[in-house]
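Subject: Structure for your review

Dear colleague,

I am handing over the structure we spoke of, with the sequence alongside it. Please have it open while you read the notes underneath.

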Amino acid sequence: MTCLKIKKLLSAIAIAISVIFAMSSCDLSIYADIPKSFVSGGGTLVAHYLDVGQGDSIFIELPNNETMLIDAGENYHGASIIEYIRDCGRDRIDYLIGTHPHTDHIGSMAYIVRNFDIGSVYLPNVSTNTYTYQKLLEAVKKKGLKVKTGKSGVKLIDDSDDDLRITILGPVKTDVKNLNNASIVLKIEYGETSFLFMGDAEKAELKTIKADLSADVLKVGHHGSDTSTPQSLLDSVDPKIAVISVGKDNDYGHPNPKTLKRLEDIGCEIYRTDEEQTIAVTSDGQNIDVQTGFRTIERE
Ligand SMILES: [Zn+2]
């Protein structure tokens, strides 16, 4: 073999090795921003508060291996939310919850129903004539599913073997004039830990909820607006961790400085999707861990 041929052979080997490395780093990059423990599932609860700008979308991997999606952001996030869920190694949403029919919560829900495997769909018992809401109902019907009413007292999971309970605490009565006050308020209890999801519930709805609201992790209501986190709520919940789902430089001035001050005053750790992108909170039933900044749901 001539010197030139050896050089060519060596350079071919080098190219092959670099291609293999590039491919493996490409594979790794799919999961690089989602810690491996999140992908395995089973025994661990992971709540991913997705960065969908001004809106809400929370994907939850339950310790019994089922999954839940609470809200789905505006109407341009559908494909990215599905991609995120797939990157977690999941191919089904067992419980799809639309907290209330505003576009920053159910915007991409029809797309997700059309394009993903869905178990049950829960919505509050209010209807609106908006295009987004009607399209969602149409998608659910076409899929052969029926909307279940999300209201106070409904238990989605009550499993003492897994020490896992998921209960809807609100709405107690639905406010048809202010849809925020029809928000599904939902609590997940796993072992000694608990998570509360407020939708956009305001003071008027909060007053009607008599159930135990105490929780370690609070998804702050209505993007941190002053209407939704009065001191009386914080006294009831007594959260250690607060997550605010909010868009950068949004037009509403969310989160309200008074809400932030109230959360700071009780010594709560505050995480915001506009500052830290997607926030993942994990629980093994005893300990809670927070990881931030590993994925943004890009606008399509
Ligand atoms: Zn909202």
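What follows is a description of the metal site, the two sheets, one loop residue and the nonpolar cores.

Please keep in mind throughout that this is a predicted model.

I begin with the metal site. The zinc ion has as its protein donors Asp 104 and Asp 200, each through OD, together with His 105 and His 223, each through NE2, and these lie 2.1 Å from the ion. The angles subtended by the 4 donor atoms run from 86 to 153°, and the arrangement is therefore irregular; a tetrahedral assignment would need all angles to lie between 85 and 135 degrees. Along the sequence, the donor residues follow the spacing D-H-x94-D-x22-H. Because Asp 104 belongs to helix H4 (residues 103-106) while His 223 sits in the loop between strand E11 (217-219) and helix H8 (231-237), this pair ties together parts of the chain that are 119 residues apart in sequence. Both Asp 104 and His 223 are buried.

The first sheet to look at is open and has 8 strands, arranged in the order E6-E5-E4-E3-E2-E1-E14-E15 with mixed pairing. Its edges are formed by strand E6 (147-149) and strand E15 (288-292), each of which pairs on one side only, and from one strand to the next the twist averages 20°. At the E6 end, strand E5 (residues 117-123) pairs with E6 in the parallel sense over 3 bridges, and Val 121 has Val 147 of E6 as its bridge partner. Helix H6 (residues 131-142) packs on this sheet, where it touches E5 and E6, and the helix direction makes about 135° with that of E5.

Asp 91 is a residue to view alongside this sheet, since it is placed in the loop between helix H3 (78-87) and strand E4 (92-97). Is Asp 91 buried or exposed? Its relative accessibility is 57%, so Asp 91 counts as exposed. Leaving aside residues up to four places away in sequence, Asp 91 touches Phe 116 and Asp 117; the C-alpha atoms of Asp 91 and Asp 117 are separated by 6.8 Å, although these residues are 26 apart along the chain.

The other sheet is likewise open, with 7 strands in the order E7-E8-E9-E10-E11-E12-E13 and mixed pairing. Strand E7 (155-159) and strand E13 (269-272) stand at its edges with a single partner strand each, so one side of each has no neighbour in the sheet. Neighbouring strands here are turned against each other by 20° on average, with direction ignored. Strand E12 (residues 241-244) pairs with E13 in the parallel sense over 4 bridges, and within this pairing Ile 241 stands opposite Glu 269. Helix H9 (residues 257-265) packs on the sheet and touches E12 and E13, its direction making about 145° with that of E13.

Finally, the nonpolar interior. The largest nonpolar core has 30 residues, and those with the most contacts inside it are Tyr 49, Ile 60, Met 68, Leu 156, Leu 186 and Ile 188. If residues up to four places away in sequence are not counted, the contacts of Ile 188 include Leu 45, Leu 62, Leu 164, Ile 166, Phe 195 and Phe 197, as well as Arg 165, Thr 193 and Ser 194. A second, separate core has 26 residues, among them Val 52, Cys 88, Leu 96 and Leu 123.

With kind regards

Key: Residues numbered from 1 in each chain as written. Predicted model: local features only at pLDDT ≥ 70, side-chain atom pairs only at ≥ 80, totals over all residues. Heavy atoms only, no water. Donors = N, O, S within 2.8 Å, 3.2 Å for Na, K, Ca; no water. Tetrahedral: all angles 85-135°; square planar, octahedral: opposite > 155°, others 65-115°. Helix = DSSP H or I, 4+ residues; strand = E, 2+ residues; numbered from the N terminus. Buried < 20%, exposed > 50% of the residue type's maximum accessible area, 1.4 Å probe, protein only. Pairing = 2+ DSSP bridges. Axes fitted to C-alpha atoms, helices over the stretch in contact; angles between N-to-C directions. Contact = heavy atoms within 4.5 Å. Core = buried A, V, L, I, M, F, W, Y, C linked by side-chain atoms within 4.5 Å.
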